[in-house]
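Here are a few short exercises to work through with the model open beside you. Try each task before reading its solution.

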Amino acid sequence: MPLALLISSHVAGSQVGATAQAAALTQFRIDTMVVPTVLFGRHPGWGAPGGAPVPIEVVEGMLDGLEANGLFGLTDIVVTGYFASAAQVRAAARAIDAVRAAPRDGASGRKPTIIVDPTMGDAGKGLYVAAEVADAIAADLIPRADIVAPNAWELQRLTGAEVRDPAGAVRAARLLNKPVIVSSVRRGNEIGVVYADRKEAWLAAHAKAERSPSGTGDLLTALFAASILEGQTLSYGLARAVGGVAETVTAANIWNAPELPIVAMAARIKQTSPTVRIERLA
């Protein structure tokens, strides 16, 4: 079975961060190892989250334990997300290097894929991590990424380029000189996700929902990661990932669910959605 290392938040009562990603990846029979950066009771968007950041000694100790048990050599994909301190970011960077350097005997044979979700802020909210955390992500994790997965606001902060539409997202993404999936890209009444690398670019879009629970970006990253491990084409993997998010948000609105119903939508997140339009961009 494929194995994923998730370094991000653990939130007991909300489907965000590594909590949401582990729930989604399980549906694809992908084992997960979660190294939490915070232990919260609920998403901070609900108010005081309860819990606390995970001390750096604990984060480093957990990573050391995984490495000592030979699990870095079995890791197929690493996903990083929310960090509470720059020290945690640096620990994640060292872990990525160790995963890449680990002997792969007995593993799937493929090189590990590193997906960095530069979780630092959003439109209307601005930066919601400390500036030194955002700077550490840009300096230590973006260069190590095989794929970068920002939202439009984060991509704009990383590159300094405006991201107002899909064409702007492609131009900004290519400034990073590596494959990028950009969420929260608007065009008219639609919202979508842009994939761009040096050779090709795609948009998967759908009608914007009136309400969307937190965690959609985390879910998107997990679903795209699953498509990579399955060997899907870029266009199909993007369309399926965006469709899984769209269907889950629709279900949350129909059921009046305060959180993303990821487990309840297990069958739908593994299929494309008729509501999602896929388009090749110049």
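**Exercise 1. Find how far apart the end C-alpha atoms of residues 112–250 lie, and give the helix and strand content of the span.**

Solution. Start with the ends: in this predicted model, the C-alpha atoms at the two ends of residues 112–250 are 33 Å apart. Next, assign the secondary structure: 43% of the span is helix and 23% is strand. Finally, look up the annotation: an unreviewed UniProt entry lists residues 112–250 as "domain: Pyridoxamine kinase/Phosphomethylpyrimidine kinase".

**Exercise 2. Work out which residues of helix α4 (residues 131–141) are buried, and how they are arranged around the helix axis.**

Solution. Step one is to apply the cut-off for burial, under 20% relative accessible area. Val133, Ala134, Ala136, Ile137 and Leu141 of α4 are buried. Step two is to look down the axis of α4: the buried residues fall within an arc of 160°, so they line one face of the helix. Recall here that an α-helix has 3.6 residues a turn, so residues three or four places apart point the same way. Step three is to turn to the face of α4 pointing away from the buried side, where the exposed residues Glu132 and Ala139 sit. Last, ask what covers the buried residues of α4: the cover includes strands β4 (77–80), β5 (113–116) and β7 (126–127), along with helices α3 (86–101) and α5 (152–159).

**Exercise 3. Describe how helices α7 (residues 216–230) and α8 (residues 234–254) cross, and class the residues in their contact.**

Solution. First the geometry: the axes of α7 and α8 come within 9 Å and cross at roughly 145°. The crossing of these two helices is right-handed. Then the contact: α7 contributes residues including Leu219, Leu220, Leu223 and Phe224, while those from α8 include Leu234, Leu238, Val242 and Val245. By class, the contact of α7 with α8 has 11 nonpolar, five polar and two charged residues.

**Exercise 4. Examine the backbone at arginine 29 and asparagine 177: what is the sign of phi, and is each residue buried or exposed?**

Solution. Begin with the general expectation: most residues other than glycine have a negative phi. Arginine 29, though not a glycine, has a positive phi of about 60°. Asparagine 177, also not a glycine, has a positive phi of about 60°. Now locate them: arginine 29 is in the loop between α1 (17–26) and β2 (31–40), and asparagine 177 is in the loop between α6 (166–174) and β9 (180–187). To finish, check accessibility: arginine 29 is exposed at 66% relative accessible area, and asparagine 177 is exposed at 55%.

Notes. Residues numbered from 1 in each chain as written. Predicted model: local features only at pLDDT ≥ 70, side-chain atom pairs only at ≥ 80, totals over all residues. Heavy atoms only, no water. Axes fitted to C-alpha atoms, helices over the stretch in contact; angles between N-to-C directions. Helix = DSSP H or I, 4+ residues; strand = E, 2+ residues; numbered from the N terminus. Left-handed = near helix turned anticlockwise from the far one by under 90°. Contact = heavy atoms within 4.5 Å. Nonpolar A, V, L, I, M, F, W, Y, C, P; charged D, E, K, R; others polar. UniProt positions renumbered as here; feature names shortened; annotations may be inferred. Buried < 20%, exposed > 50% of the residue type's maximum accessible area, 1.4 Å probe, protein only. Arc of directions from axis to C-beta.
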